Amino acid sequence: MAQTIVAPSILAADFSRLADEVVAVEKAGADWIHCDIMDGHFVDNISFGPAVVQTIRRQTGLPLDVHLMIQHPDHYIPRFAEAGANSITVHVEAEAQHDVPKTLQQIRAAGCGVGLTLNPATSFEAVEPFLGEIDLLLIMTVHPGFGGQPFRSDMMEKVKQAAQWRREHNEKLTIEVDGGINAETAAISIQHGANALVAGTSIFHTGDYAAAIRALRGR
Ligand code: DX5
Ligand code: ZN
């Protein structure tokens with residue numbers, strides 16, 4: 001398997017120095033930049049929109065991994081693609097109020113990598129019908145809405161199921177985990193088959209981004 005992908009979640013960065021923070025994590029060895037979009041409806045928090053994604057786009061050539069925790073994501077796909085998203089991930093839950101297969105096609109047609117994600121309370125069976133249409137499966141290891149929450153090890157069963165599906169159908173599928181990822185929980189996630197790690201607190205709330213990213217890779 002290729003090197004584990006590390007995607008710092010910009011939600012934990014110091015927003016008063018956003019441009020510097022993006023440049024700093026790129027220099028520190030990040031592979032992607034994870035952008036958490038929250039609308040105060042699908043999740044109980046509000047973060048940022050396409051204009052901030054565009055600002056991040058101007059600071060780095062790294063892929064932007066955009067995680068949409070919003071209702072009606074289909075309505076906003078063109079704006080995030082325009083803002084510079086390289087991959088767009090939408091939620092499978094009914095609360096997101098969109099036609100999942102149509103939205104996945106729309107992301108593909110916009111020229112972006114296609115991601116699908118499920119909350120801790122959602123079973124793996126809910127995403128199984130769509131696995132052949134996506135490039136990235138994001139398994140939430142916390143209930144979405146906030147950084148700094150504890151990792152849910154009971155989500156590793158889904159990572160195992162996804163890894164088995166990948167072995168049997170599509171070795172290119174990226175399995176990403178998000179929420180409470182640090183050096184210890186990263187190792188557990190990789191052991192079960194994850195190959196992309198989103199991390200906010202365990203990178204941005206440390207004094208040494210390079211050491212934090214190395215630690216996530218188990219170095
Ligand atoms: C939560 C977000 C995560 C979060 C990760 O809803 O999707 O990306 O920012 O933050 P940490 O790593 O602090 O749990
Ligand atoms: Zn996220």
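Reader: How many residues surround ligand 1?
Author: This is a predicted model, in which local features need pLDDT of at least 70, side-chain atom pairs count only at pLDDT 80 or more, and totals for chains, interfaces and linings use all residues. Residues are numbered from 1 along each chain as written, chains are lettered from A and ligands numbered from 1 in written order, and side-chain values use heavy atoms, without hydrogens or water. A residue counts as near if one of its heavy atoms lies within 4 Å of the molecule. Asp-36, Gly-145, Asp-178, Gly-200 and Thr-201 are the closest, and the full number is 20.

Reader: How much of ligand 1 does the protein bury?
Author: Let's start with its polar contacts (pairs of N or O atoms within 3.5 Å). Side-chain atoms of Asp-36 lie 2.8 Å from a ligand oxygen, and those of Thr-201 2.4 Å from one. Alone, ligand 1 exposes 380 Å² (Shrake-Rupley method, 1.4 Å probe), and the buried share is 99%.

Reader: Which strand gives the most to the shell around ligand 1?
Author: Strands here are DSSP runs (E, at least two residues), and helices are H or I runs of at least four, numbered from the N terminus. β2 (33-38), β3 (64-69) and β8 (196-199) each supply at least two shell residues. With three residues, the top contributor is β2.

Reader: How many residues apart in sequence are the parts that the pair of Phe-15 and Phe-48 ties together?
Author: These two form an edge-to-face aromatic pair, 5.9 Å centre to centre with 65° between planes (centres within 6.5 Å; under 30 degrees is stacked, over 60 edge-to-face, the rest tilted). Phe-15 lies in the loop between β1 (5-8) and α1 (18-27) and Phe-48 in the loop between β2 and α2 (50-59), so the separation of the tied parts, in residues, is 33.

Notes:
A polar contact is a pair of N or O atoms within 3.5 Å; within protein, one must be able to donate a hydrogen and the other to accept it, and residues adjacent in sequence count only if both atoms are side-chain atoms. Rings of Phe, Tyr and Trp (its six-membered ring) pair if their centres lie within 6.5 Å; planes under 30 degrees apart count as stacked, over 60 as edge-to-face and the rest as tilted.
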